[in-house]
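User: Hi! I've got a model open and would like to talk it through with you. Mind if I fire off some quick questions?

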Amino acid sequence: MAMTGLKGVPPIEVYQIGEAYFVKDGNHRVSVAREMGFSHFQAYVTQVRTKVPLALDVEPDELILKAELAEFLEKTRLDHIRPGADLTVTVPGQYVALFEHINVHRYYMGLEQRREITYAEAVMHWYDTLYQPVVDIIHKQGMLQEFSGRTDTDLYLYITQHRSELEERLGWDITAETAASDIEPRSSGYRPTSEPMRNIYKHQGNSKPQSALVKGRLFVDILVAIDGCDSGWSSLAHAALIAQRENGARLHGLHIVPARSERQGPKMEELQNNFSDRCRKLDLSGRLAIDAGKRIRRICQRARYTDLTVICFTGGQAETKLGEGLRTLLRSCPRPVLVVTQEESPLDRILLAYDGSGLAREALYTAAYLAGQWGIKLAVLTVHDEQVSADKIQQRARHYLESHGIEAIYIIEKKVAIVQAILNTAKEQNSNLILMGAHGRNAPWYINVGSAVAPVLQKSNLPVLICG
């Protein structure tokens, strides 16, 4: 009656935030006005200025998120420190985790710099050195397309949490990029090929300069199989040499014991300390994890988080070097495998066994990277019964290498057993690393050059790098 009477009703009182209005006094009058179809209402308006504007169609859940974001910006002043920074989330309560990240970062900054760190310093350093690099990874990997409806900050928190869980489970230092790749929704369940390797593969057959080929590092994370004997330290020595050439790649040691109960104890602690001491003396980053189970299976499972697996097999007998364990490793390992012996090698003269197959081409790309990036000598061997076919096969390798500025020695052998040709050529060229393409996750074991892997490993004392 008041609404339709001559006297009318007094104006309501509202707060205005952005384009949205919140009723302080007059909710009944508003509900009646809506029922009667009123489009306007007189009101006393109090404008509230906030860092987070609101739209007309804001939902209650969004209001909670807006309020939490406003509180976060009020405390951190990130919008002043880094104008344009967008740290919106889609799940309430996430800003508590961001506050914790900043506080922990501030604490460790203080320890490192041995002084009191202001909150503004911590916020700026956290954003620049921790948050933004992860966001760059998110964009680089196109994760927002695969996690539709999520924001950069959502995925930043997801990645950092997953990274922490991986480090606790594996006992290794894990990069944000590795953690991000591991949580991508991929049906295969395997970590994608590293970015440097993808760059190498996509340049096949083009005429881009060498710098395009060798941009980045190929082996950033190296798995080192440690057996607790001298042979394990040979694996570490070869892996360390590669890490140094790769500008300080990370070494991830792995020692497998039969039972979980054997993972701890003085002997295991001594082994870990020995590994850490050797890495420290070489000025390399490395941690040794102790895991339990079947050795080869565990190596293959963990290899997905690295770029190269280095393992030492001792002795010259087939049952020692070429047992089912090594065959399983080469079939199942999702990354290249470097099989070494106890005799250390400088790894500066490569012999590439190349037959033009898809698997051999992967070895060719790797050889181009190693020769170009490390500046080491390369020889390319092709074995074929027909001279014309051998010439065509090797010409493709020559074209690829020369287009990237890689010099090599080219050798063709006809009507010679491939294994014997590899061994003889390695000796003639003073090679100290044999590179072969031999396997793939979906490829049979004996295929093209791959059929020579087993006897080469058995008869040669040189390290063999197997790509697949």
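User: To start, how much area does the protein expose, and what share of it do carbon and sulfur atoms supply?

Analyst: Happy to help! Keep in mind that this is a predicted model. The protein exposes about 24,000 Å², and 49% of that comes from carbon and sulfur atoms.

User: And what percentage of the residues is buried?

Analyst: Of the 468 residues in the protein, 46% are buried.

User: Cool. How many helices and strands are there?

Analyst: The secondary structure comes to 19 helices and 13 strands.

User: What about contacts along the chain: what share joins residues at least 24 apart?

Analyst: That share is 72%, counted among contacts between residues at least 6 apart in sequence.

User: Let's go inside. How many residues does the largest nonpolar core have?

Analyst: It has 74 residues, and Phe72, Leu329, Ile422 and Met436 have the most contacts inside it. Helix H5, residues 119–140, gives the most to this core, with nine residues. There is also a second, separate core of 54 residues, which includes Leu218, Ala360, Ala368 and Leu378.

User: Why would nonpolar side chains be buried together?

Analyst: That is a general tendency of nonpolar side chains in soluble globular proteins.

User: Back to Phe72. Which residues does it touch?

Analyst: Leaving aside residues up to four places away in sequence, Phe72 touches Arg77, Leu78, Leu87, Tyr95, Leu98, Phe99 and Ile102.

User: New topic: strands. What is the order of the open sheet with three strands?

Analyst: The order is E2-E1-E3, with mixed pairing. E2 and E3 are the edge strands, each pairing on one side only. On average, neighbouring strands of this sheet are turned by 30 degrees against each other, ignoring direction.

User: Which sense does each pairing have, parallel or antiparallel?

Analyst: E1 (residues 12–17) and E3 (residues 43–47) pair in the parallel sense over five bridges. E1 and E2 (residues 20–25) run antiparallel, joined by five bridges.

User: Where does Gln16 sit in all that, I mean what stands opposite?

Analyst: Gln16 stands opposite Tyr21 in E2 and opposite Gln47 in E3. Elsewhere, Val14 has Val45 in E3 as its bridge partner.

User: And the hairpin of E1 and E2, how many residues are between the strands?

Analyst: Two, and Gly18 in that hairpin takes a positive phi near 65 degrees.

User: Last one: which strands does helix H1 lie across?

Analyst: H1, residues 27–35, lies across E1 and E2, and runs at about 125 degrees to E2.

How values were computed. Residues are numbered from 1 along each chain as its sequence is written. This is a predicted model: local features need pLDDT of at least 70, side-chain atom pairs count only at pLDDT 80 or more; totals for chains, interfaces and linings use all residues. Side-chain values use heavy atoms; hydrogens and water are left out. A nonpolar core is a set of buried Ala, Val, Leu, Ile, Met, Phe, Trp, Tyr and Cys residues joined through side-chain atoms within 4.5 Å. Buried means under 20% relative accessible area, exposed over 50%, partly exposed in between (1.4 Å probe, protein chains only). Helices (H or I, at least four residues) and strands (E, at least two) are DSSP runs, numbered from the N terminus. Contact means heavy atoms within 4.5 Å. Two strands pair if DSSP finds at least two bridges between them. Axes are lines fitted to C-alpha atoms, for helices over the stretch in contact, and angles run from 0 to 180 degrees between N-to-C directions. Accessible areas come from the Shrake-Rupley method with a 1.4 Å probe; for residues, only the protein chains shown count as cover.
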